[in-house]
Amino acid sequence: MNVILVTSCPQGVATSFLAARALERAARQRGWHVTTDIRGPGGKASSAPDDATIHDADLVIAALGVPVDLSAYAGKPLYQLTVTAALPDPAAVLDSAVQEATPWDPEAADDVPETASPASMGSGRTIVAVTACPTGVAHTFMAAEALTAAAQEAGHHIRVETQGSVGAQDPLTDEEIKAADVVILACDIEVDPSRFAGKPVWRTSTGAALKKPADTVREALSDAVVLDTDQQKVSASAGSGEKRGPYKHLLTGVSFMLPMVVAGGLLIALSFVFGIEAFQEEGTLAAALMQIGGGTAFKLMIPLLAGYIAWSIADRPGLAPGMIGGFLAGELGAGFLGGIAAGFLAGYVARFISQKLPMPESIESLKPILIIPLLASLVTGLGMIYVLGEPMAAIMDGLTGFLESMGTTNAIVLGGILGAMMCFDLGGPVNKAAYTFGVGLLSEGSGGSAPMAAIMAAGMVPAIGMGVASFVARRKFAEAERQAGRASFVLGLCFISEGAIPFMAKDPLRVIPVCMIGGAITGALSMLFTVKLMAPHGGLFVLAIPNAVSVVLPYLLAIAVGSLVIGFGYALIKTGKAEVVPGPA
């Protein structure tokens, strides 16, 4: 039998590929000839079968996460299902396809989304959502796919906008927002909610949307609160499935600071290509690179951090005083801790003035562009100079001195603690706390950061380790688990810890401890080898940049040891052969 497999997921990433490979393997075991049509982001065809292949096809199976154009398969026996439903038992999908496929008529389906189930053709609701995490990499897209699958299975129509590392992808249109019954903001950082004014809004985190997507959809439909047209920031806390506060504001600031940290660190590393001290010769390329990276980018990190913490708290009026306070923190030697303090001070002062300071109507319009920035900048600046600056500088000097004078034993202990934190919740609050600590230390100097190196190495090993375990103990892993393991291995190499989430969700009592042990060993070894890292993200790809990592081979050894400890450890203690809950892309 000749069969064509069409797969798609909202971001066109892992789930499309995994579903295609699972169905392809099951079909080849039956002796079928298989052609795959894996759709990219937005359902776009990247390598569609040619006309001759379509003509010879006896069956078309469409496992879809987003609506796609299937007009090329008109008249062919077609069987449709959601992309996540194809993963647990691909053999059963093939049996159902043979029995239930019907000739495809595009005209009869013009008004029905391709992924619609019988339930979705009835009383389904229309949902729009936005997902965003601090780094804009894994959680952003995984939460989007989890929400998409949960909403479609419940019979609702959903469109998700992902605000990833390159900005908003496939942004929601005004028409889609207007037609929506509810808005879900699954965001770990602050996003501008003004375009959703007047719509019922439900706020949650990417972690909650990823782990309990069905509950998130139900709660949004039942408990969302209409966003006040005039006071989006004030009423944004209403209709919330999460507690919003300092932690989220801090992550917002870190999110905006990260690109500056990455760019500055790598430019400094490139200057070292010409020699560690080559930048000291004025007029050379090495000196220019150091001036751009260390003299400019690193100086802008703390103002960006403080400015966007304040923006998260008080919207645009908080941006100017936050950046002013952050710049002063850098000038006073208060470092990233001073920048955090300046950001919160500026944000809460700006919000207090905005909400509590009464103004005559004649000058009310001057509030956001004159009065708030002026008064908030004055309070923040004076507060940093006379109150917060010196104590924060003393704390930073003490912390820096402690790290520089730290003996081997203390370094190993610190690395172990940071490594275990990175592996405890795979992108959750504990993981983010350790990561933020490392990024802050990296922003303090141009020589790289040993804690940041330990943190990134430890963050890579859970996902790599799960891939290793699924390979060395194949009999203990079902087919879907082995496929998830391969995807997890690749994600781990890219420093995307979330690749291990499907395994953690299925078997937390075994996965979490073994991952923490492996992460602690990796972090401890990295600190033992005194590895320093110039960039806070990128995984193994950073090693391709000269001097981005101070010593490459010991760093690789630390990552390899931790990954093998996790891989062989979990392979040893895992019992049974059960399917994991399929992880989103």
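Glu24 counts as buried at 14% relative accessibility, where buried means under 20% relative accessible area, exposed over 50% and partly exposed in between (1.4 Å probe, protein chains only). Its partner Arg28 counts as partly exposed at 45%. Both residues lie in helix H1 (residues 14-29), four residues apart, about one turn of the helix; helices (H or I, at least four residues) and strands (E, at least two) are DSSP runs, numbered from the N terminus.

This is a predicted model, in which local features need pLDDT of at least 70 and side-chain atom pairs count only at pLDDT 80 or more, while totals for chains, interfaces and linings use all residues. Residues are numbered from 1 along each chain as its sequence is written, and side-chain values use heavy atoms, with hydrogens and water left out.

A salt bridge is a side-chain nitrogen of Lys or Arg within 4 Å of a carboxyl oxygen of Asp or Glu. By this rule there are seven salt bridges, including the following.

| Pair | N to O distance |
|---|---|
| Glu24 and Arg28 | 2.8 Å |
| Arg30 and Asp95 | 2.8 Å |
| Arg195 and Glu161 | 2.9 Å |

Arg195 lies in the loop between strand S9 (182-187) and strand S10 (200-204), and Glu161 in strand S7 (residues 157-164), so this pair ties together parts that are 34 residues apart in sequence. Glu161 is buried at 2% relative accessibility, whereas Arg195 is partly exposed at 33%.

Ser8, in strand S1 (residues 2-8), is buried with a relative accessible area of 0%.
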